[in-house]
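I set out to record what can be read from one model. The entries below follow the order in which I looked things up.

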Amino acid sequence: MMLMGGGGLLGGFASGWIMHALGVRRTMLLCFSVCFVMAFLLFKGNHSFSGIAYPETAVLAFFFGISQGALSAYIPELFPPAIRAAATGFCFNLGRLFTGTAVFFVGALVTALGGYGNAIFIFSFIFLIGLATTYYSQHGTHRLGQRPSGYSGADGV
């Protein structure tokens, strides 16, 4: 738990610098890719607990933390300024609703899929959905701190 929390915090702190260096879209693509690969290694590559699970957990948590920081910059870009705050809040809280609901089905999935690792790995496919959506999106192609082309911000520019 400490690795998950610490890695997530460090990733969140580093997300601004990484988005500034790579751009928002590339950061999201990197994070979704690494998170899916690390989830595969952690939940499908380890059939019994070993010491390698610690660095795998830390790397997964770090890149998941980066993705959460990047989503805070990426999601608002998807909406016009008039509804940006409400739409961003809706998106973040809709994810919480799905997560809260999914908790009730994890036990059934563990039984049906033959183990905890299999059940948790199923949830990691959301990273592939995010990867595909981000890849085909036209948003977030600029670097952090720069305005996208055609930007109409609150100042009307």
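**Aromatic rings, fold, pocket and cysteines**

I began with Phe125, which is partly exposed at a relative accessible area of 36%. The model in which I looked this up is a predicted one.

I then asked which ring Phe125 pairs with, and how the two are set. The program gives eight aromatic pairs in the structure. In one of them, Phe121 and Phe125 meet edge-to-face, with 5.2 Å centre to centre and 70° between the planes. I note that an angle over 60 degrees is what counts as edge-to-face. Phe121 is buried, because its relative accessible area of 10% falls under the 20% cut-off. Phe125, at 36%, is partly exposed. I also traced the ring pairs further and found a cluster made of Phe36, Phe40, Phe121 and Phe125.

I next looked up a charge over a ring. Arg25 lies over the face of Tyr135, and its distance from the ring centre is 5.7 Å.

I turned to the fold. The protein has six helices and zero strands, and its pattern along the sequence reads α-α-α-α-α-α. For burial overall, I noted that 33% of the 157 residues count as buried.

I then examined the largest pocket. I recorded about 2,000 Å³ of space in this pocket. Which residues lie nearest its centre? They are Phe64, Thr99, Phe123, Ile126 and Phe127, out of a lining of 47 residues. By class, I entered 33 nonpolar, 13 polar and one charged residues for this lining.

I also checked which helices contribute to the lining of the largest pocket. At least two residues come from each of helix H1 (2-22), helix H2 (24-44), helix H3 (53-77), helix H4 (84-113), helix H5 (116-123) and helix H6 (125-136).

My last entry concerns the cysteines. How many disulfides does the rule give? The count is zero. Cys31 is in no disulfide, and the nearest cysteine sulfur, that of Cys35, is 6.1 Å away. A disulfide would need the two sulfur atoms within 2.5 Å, so this pair does not qualify. Is Cys31 buried or exposed? At 1% relative accessibility, Cys31 counts as buried. Cys91, in turn, counts as partly exposed, with 30% relative accessibility.

Key
Residues are numbered from 1 along each chain as its sequence is written. This is a predicted model: local features need pLDDT of at least 70, side-chain atom pairs count only at pLDDT 80 or more; totals for chains, interfaces and linings use all residues. Side-chain values use heavy atoms; hydrogens and water are left out. On a 1 Å grid over the protein atoms alone, a cavity is a set of points where a 1.4 Å probe fits but cannot get out, and a pocket is an open set with protein on both sides within 12 Å along at least five of seven lines; lining residues have an atom within 4 Å of a point. Grid points are joined across faces, edges and corners, and a volume is the space filled by probe spheres set on the points. Helices (H or I, at least four residues) and strands (E, at least two) are DSSP runs, numbered from the N terminus. Ala, Val, Leu, Ile, Met, Phe, Trp, Tyr, Cys and Pro count as nonpolar, Asp, Glu, Lys and Arg as charged, and the others, Gly among them, as polar. Buried means under 20% relative accessible area, exposed over 50%, partly exposed in between (1.4 Å probe, protein chains only). Rings of Phe, Tyr and Trp (its six-membered ring) pair if their centres lie within 6.5 Å; planes under 30 degrees apart count as stacked, over 60 as edge-to-face and the rest as tilted. A charge sits over a ring if NZ of Lys or CZ of Arg is within 6 Å of the ring centre and within 35 degrees of the ring normal.
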